[in-house]
Amino acid sequence: MNRVLKAMVAAFWHPLRSHLSTFKLVSGVVMALLMSFVFYFFSCAMLEAFRVMTVTPEFDIWVPSEKERSFYQLFFAFVSVILAQSFCLAYWFDGPRRFFEQRHRSAVQIVNGQRNLNWYFLSWFAKVIFGWFVFLSIPGGFYAFSLYPDFKHLFVLLIIVLFLHPWVAMRQAFKRKTVKWMSLSAALVTILAFGMSRINMVDYKSLENAFLTRNVPHRYGLELPETEAVEKVEHAMLSKNVYVVQSKDNTEPKCLIVVDGKTVDLKAFSESMEDWRLCHNEADFPLLNCRLNIDKKVKMKDVDEVRQALADMRFYRIQYAVVPRRRELDVRYYTFLSLHTLRIPVRFMDDSLYQKWIVDVSEIPNQIVVMPKGIGTFEINGVTTEGKECKARFKDLIQQDLDYIIRFKGDDEMLYGDYINVMASAMEALNDLKEEYALERYLKHWNQISSDEKVKEINEHLPFRFFEESEMVIQK
């Protein structure tokens, strides 16, 4: 084997390095192989380190697909082998000038070209990786920005340029003789890179599971209701995420409450919320709110138990976590959206006040009565309406008389997703009416009005009024 390799070297490089020893030939190949594996291992380890740095406060982590991971590993393998080859060429051609040696300047150019390539590429590559990490370090940023597959052609071009660059000086020294050697080198690099990319240097699945098992939406398959009436969570420090999910384990209760990654009962839930409240200034107590992340398949009787516990603790502000119906990114990206912040229903706080509200509601002229007829189906003022048609139905009825009230006669067995669908559809219908009113009165879109007085005037003209047999929520 050594004779064959040396014969190939002598055939192409004899005018420059006919004295290349067998030891230097073999040792260069061995060191190049070791270097390629070391650099490949380092690249894979850095990829996993970056993934750890992308972990969100909810313990979500960037999980590339199998195709994406295979592509990155193949890219790392190509880069590792090409850099190792460059090191090997520099090692072979490096050495003091011999007596009567020709083309020593070409050898120096080749050596300098290989070394400069390594350092310049590593410096540039480090800057690119740092820029990439800036995007990934944003919570959930890996759902908003990805290099694969949209920019995979850039990786291919980078590999081609990286491979061809070392052969520029070789081409100047040997002219056409380098074509065959370059072709053979390309074949060897490709075979070695593909073989190396099949090696998983890190147990990435165990790393993912270490975080994802603590991620409540992933662990329990949380599905949030969809709506267009969403807003970003403001003052996140004053908001506490509480999860109400379906159990996947038959040995556990059907409905679970999860706070700070721990499954709790109602008593422990109250204690956790009280401990959280005590971590804040007393002046902020009225502004504290609970953000309920509830699976849309949970029954309302379980939701009411949680809301009653919150009312007993005097947590009067709540948010319902939702996801946009029309979305451009992965649904897991939208962990910061909710319906408008609402007051806890009066029924949970004061029965006498609730009874007073029943009397007041009955005197409102435009009564819009909603009752569930089945999963995803409702009866609105005697007309059977599908869930997706509720918005248009509400909009038509509200326009008939703006002095309205939506009375929702739900039941304990109703699904939370249907409950949110009715409430969100009413909000969406009202937002459309606000948009039309803003264009007519102020010649501006509703979301473009910045004057507090104008916003207040529109909200007073079109208030959101929603009443249930068991609760009533009013937002103006």
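# Exercises on a predicted structure

Arg198 has a relative accessibility of 67% and therefore counts as exposed. The structure is a predicted model, and the exercises below refer to this model.

## Exercise 1: Arg198 and the chain as a whole

Determine where Arg198 is placed, why it counts as exposed, and how far it lies from Leu74 in sequence and in space.

*Solution.*
Step 1. Arg198 belongs to the loop between helix 8 (177-197) and helix 9 (204-212).
Step 2. A residue is exposed when its relative accessible area is over 50%. The value for Arg198 is 67%, so this residue is classed as exposed.
Step 3. Along the sequence, 124 residues separate Arg198 from Leu74, while their C-alpha atoms are 8.1 Å apart.
Step 4. For the wider setting, the protein chain has 476 residues, of which 44% count as buried. It contains 16 helices and 16 strands. Among contacts between residues at least 6 apart in sequence, 73% join residues at least 24 apart.

## Exercise 2: The open sheet

State the strand order of the open sheet of 6 strands, and explain why one side of strand 5 and of strand 10 is left without a neighbour.

*Solution.*
Step 1. The order of the strands is 5-4-3-6-7-10, and the pairing is mixed.
Step 2. Strand 5 (262-264) and strand 10 are at the edges; each has a single partner strand, so one side of each has no neighbour in the sheet.
Step 3. Two helices that pack on this sheet may now be added. Helix 11 (residues 266-278) touches strand 3 (239-246), strand 4 (255-259), strand 5 and strand 6, and its direction makes about 165° with that of strand 3. Helix 15 (residues 416-442) touches strand 6, strand 7 and strand 10, and its direction makes about 100° with that of strand 7.

## Exercise 3: The partners of strand 7

Describe how strand 7 pairs with strand 6 and with strand 10, parallel or antiparallel.

*Solution.*
Step 1. Strand 6 (residues 289-294) and strand 7 (residues 317-320) are parallel, with 4 bridges between them. Here Arg291 faces Gln319 of strand 7, and Leu292 stands opposite Tyr320.
Step 2. Strand 7 and strand 10 (residues 342-343) run antiparallel and are joined by 2 bridges. In this pair, Ile318 stands opposite Leu342.
Step 3. Helix 12 (residues 300-312) completes a right-handed β-α-β unit with strand 6 and strand 7.

## Exercise 4: Two helix pairs

Classify the packing of helix 11 with helix 12, and of helix 14 with helix 15.

*Solution.*
Step 1. Two quantities describe a pair of packed helices: the angle between the axes and the distance between them.
Step 2. For helix 11 and helix 12, the angle is about 40° and the axes are 10 Å apart. Angles from 35 to 65 degrees fall outside the parallel and perpendicular classes and count as oblique. Helix 11 and helix 12 are therefore oblique to each other, and their crossing is right-handed.
Step 3. At this contact, Leu266, Phe269, Ser270 and Met273 of helix 11 meet Glu305, Val306, Ala309 and Leu310 of helix 12.
Step 4. Helix 14 (residues 390-400) and helix 15 pack at about 55°, with axes 8 Å apart. This pair is therefore oblique as well, and it too has a right-handed crossing.
Step 5. Among the residues that make the contact are Cys390, Phe394 and Ile398 of helix 14, together with Val422, Ala426 and Leu433 of helix 15.

Technical notes. Residues numbered from 1 in each chain as written. Predicted model: local features only at pLDDT ≥ 70, side-chain atom pairs only at ≥ 80, totals over all residues. Heavy atoms only, no water. Pairing = 2+ DSSP bridges. Right-handed = clockwise from strand over helix to strand, strands pointing away. Contact = heavy atoms within 4.5 Å. Axes fitted to C-alpha atoms, helices over the stretch in contact; angles between N-to-C directions. Buried < 20%, exposed > 50% of the residue type's maximum accessible area, 1.4 Å probe, protein only. Parallel < 35°, antiparallel > 145°, perpendicular 65-115°, else oblique. Left-handed = near helix turned anticlockwise from the far one by under 90°.
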